[in-house]
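Here is a set of short exercises, each with a worked solution. Keep the sequence and the structure at hand, and take the steps one at a time.

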Amino acid sequence: MLSVFSGSRAEIGEAHGRTHAALITSSIEVYDRLFHDFVGLRWAEARRVAERFVPMIERGFPEMLDEMAGIARGAGLDLEDILTLNCRSEISLTQASGGCTALSINRDGTQWLAQNWDWRSDQLHNVVAMELRPTGAPALVSVGEAGMVAKIGLNENGVGVCLNAIRSRTLGEGLPIHVALRKILEAESFDAATRVVTHDRVCSPAHFLIASGDGRSAGFEVHPGLPGVLEPRGGAVTHTNHLYAETATCQVEDFPRPDSDTRLTRIDALLRERLPLGAAVDAEALFAMLADHDNAPLSICRHFNPDQPAEERMETLFAVVMNLRQRRLVLRHGKPCEGEDTLTVTLGDA
């Protein structure tokens, strides 16, 4: 189900918190367990760690602190709880890299973005899809986790973004990952979106795949320094959960799990085999690639793997395909190979 919130940042936040209060509380329980499993912190300790990011948000996107405060009021929680959720990547970045396979492709004048989001299965029911209409900013759709200001999505200007987690010990100055994603989703253009990663910077490593309806796209391996940039090849950019742009790899050390390289090799092969130059692209073709089980359990569509330690079991929790020319996002909640729970959202007049 899509939640639609409009108004000031504080009003949007309060409506978000009130509507998804139970899911936000559940998210906190999930991350309390995750922080303990991965970095030995309990929730109260994680809240103290998150305080270090307040000055960075105040410098780069202070409106998000108003929205986080609104989420907290609506959910009956403390601002520190919502801040900690929105800085969860930075708090657990040394161990919890997650999964995710993302791609962009431009064909016949249409720019597409698509990805699977792989994470712990106990977060499946805390996934939310939100259409936000902030006063003075573009309308946007974000698919992510309850209590967080943004994750993966697009806006009415045709700017879209996907996310791949990167496991690394690097941490510096810049916007937390999920705050930076929201700023990108409020960008007026591709150039404005890329300034978030080149000017504001991102305080911990990740990969942001940014594209726009005018046919522009690039991958950005972000971190506190200048990001590594991956330009399209044959109209496409692909990424999983390891760094490979030289600008990033010479500055940041990452610790990917073995399945990251396996999934990247496979998605590149699928693009060559199923969508060669001249082949038509549609949402079903992209979902079919995201549903691929080759090399299971190290496949693009990831299922329960009992051979992994319990705290490291990652599964595909949702898949999205975005047509940026049409400003349309299609969500499959759960694994894309099952595809029973589908939501389609279109923004603007496209």
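**Exercise 1.** Decide whether Thr-110 is buried or exposed, and find its surroundings.

*Solution.* This is a predicted model, so please read each value as computed.
- Step 1: Thr-110 has a relative accessible area of 8%. The cut-off for buried is under 20%, so Thr-110 counts as buried.
- Step 2: Look up its place in the chain: Thr-110 belongs to strand β3, residues 110–120.
- Step 3: Leave out residues up to four places away in sequence, and Thr-110 touches Ile-105, Asn-323 and Arg-325.

**Exercise 2.** Work out which strands stand at the edges of the open sheet of eight strands.

*Solution.*
- Step 1: Write down the strand order, which is β1-β4-β5-β6-β7-β8-β9-β10, with mixed pairing.
- Step 2: β1 (2–7) and β10 (228–230) each have a single partner strand, so one side of each has no neighbour in the sheet; these are the edges.
- Step 3: Add the twist: on average, neighbouring strands in this sheet are turned by 20° against each other, ignoring direction.
- Step 4: Zoom in on one pair. Strands β8 (residues 206–212) and β9 (residues 217–222) run antiparallel and are joined by six bridges. Within this pair, Ile-210 sits opposite Ala-218 of β9.
- Step 5: Place a helix on the sheet. Helix α1 (residues 9–19) lies across β1 and β4 (127–134), at about 150° to β1.

**Exercise 3.** Check whether the span of helix α2 agrees or disagrees with its number of residues.

*Solution.*
- Step 1: Helix α2 covers residues 21–39, which is 19 residues.
- Step 2: The expected span is 1.5 Å times one less than the number of residues, so α2 should span 27 Å.
- Step 3: The end C-alpha atoms of α2 are 26 Å apart, which agrees.
- Step 4: Mark the buried residues of α2, among them Ile-24, Ile-28, Tyr-31, Leu-34 and Phe-38.
- Step 5: Go past the end of the helix: Gly-40 follows α2 and has a positive phi, near 70°.

**Exercise 4.** Trace how β12, β13 and β14 are paired.

*Solution.*
- Step 1: Strand β12 (residues 314–323) pairs with β13 in the antiparallel sense, over six bridges. Val-321 has Val-330 of β13 as its bridge partner.
- Step 2: These two strands form a hairpin with four residues between them, and Arg-327 in the turn has a positive phi of about 55°.
- Step 3: β13 also pairs with β14, again antiparallel, over five bridges. Here Arg-332 is matched with Thr-342 in β14.
- Step 4: Now visit the loop between β13 (328–333) and β14 (342–346), where Lys-335 is found. With 12% relative accessibility, Lys-335 counts as buried. Its side chain makes a polar contact of 3.0 Å with the side chain of Glu-315.

**Exercise 5.** Find which residues have the most contacts inside the largest nonpolar core.

*Solution.*
- Step 1: Recall the background: nonpolar side chains tend to be buried together in soluble globular proteins.
- Step 2: The largest nonpolar core has 89 residues, and Met-68, Ile-184, Phe-208 and Met-322 have the most contacts inside it.
- Step 3: Take Met-322. Apart from neighbours within four places in sequence, its contacts include Trp-112, Leu-113, Ile-152, Val-161 and Leu-329.
- Step 4: A second, separate core has 20 residues, including Leu-103, Ala-236, Leu-264 and Phe-287.

Terms used
Residues are numbered from 1 along each chain as its sequence is written. This is a predicted model: local features need pLDDT of at least 70, side-chain atom pairs count only at pLDDT 80 or more; totals for chains, interfaces and linings use all residues. Side-chain values use heavy atoms; hydrogens and water are left out. Two strands pair if DSSP finds at least two bridges between them. Axes are lines fitted to C-alpha atoms, for helices over the stretch in contact, and angles run from 0 to 180 degrees between N-to-C directions. Contact means heavy atoms within 4.5 Å. Buried means under 20% relative accessible area, exposed over 50%, partly exposed in between (1.4 Å probe, protein chains only). A polar contact is a pair of N or O atoms within 3.5 Å; within protein, one must be able to donate a hydrogen and the other to accept it, and residues adjacent in sequence count only if both atoms are side-chain atoms. A nonpolar core is a set of buried Ala, Val, Leu, Ile, Met, Phe, Trp, Tyr and Cys residues joined through side-chain atoms within 4.5 Å.
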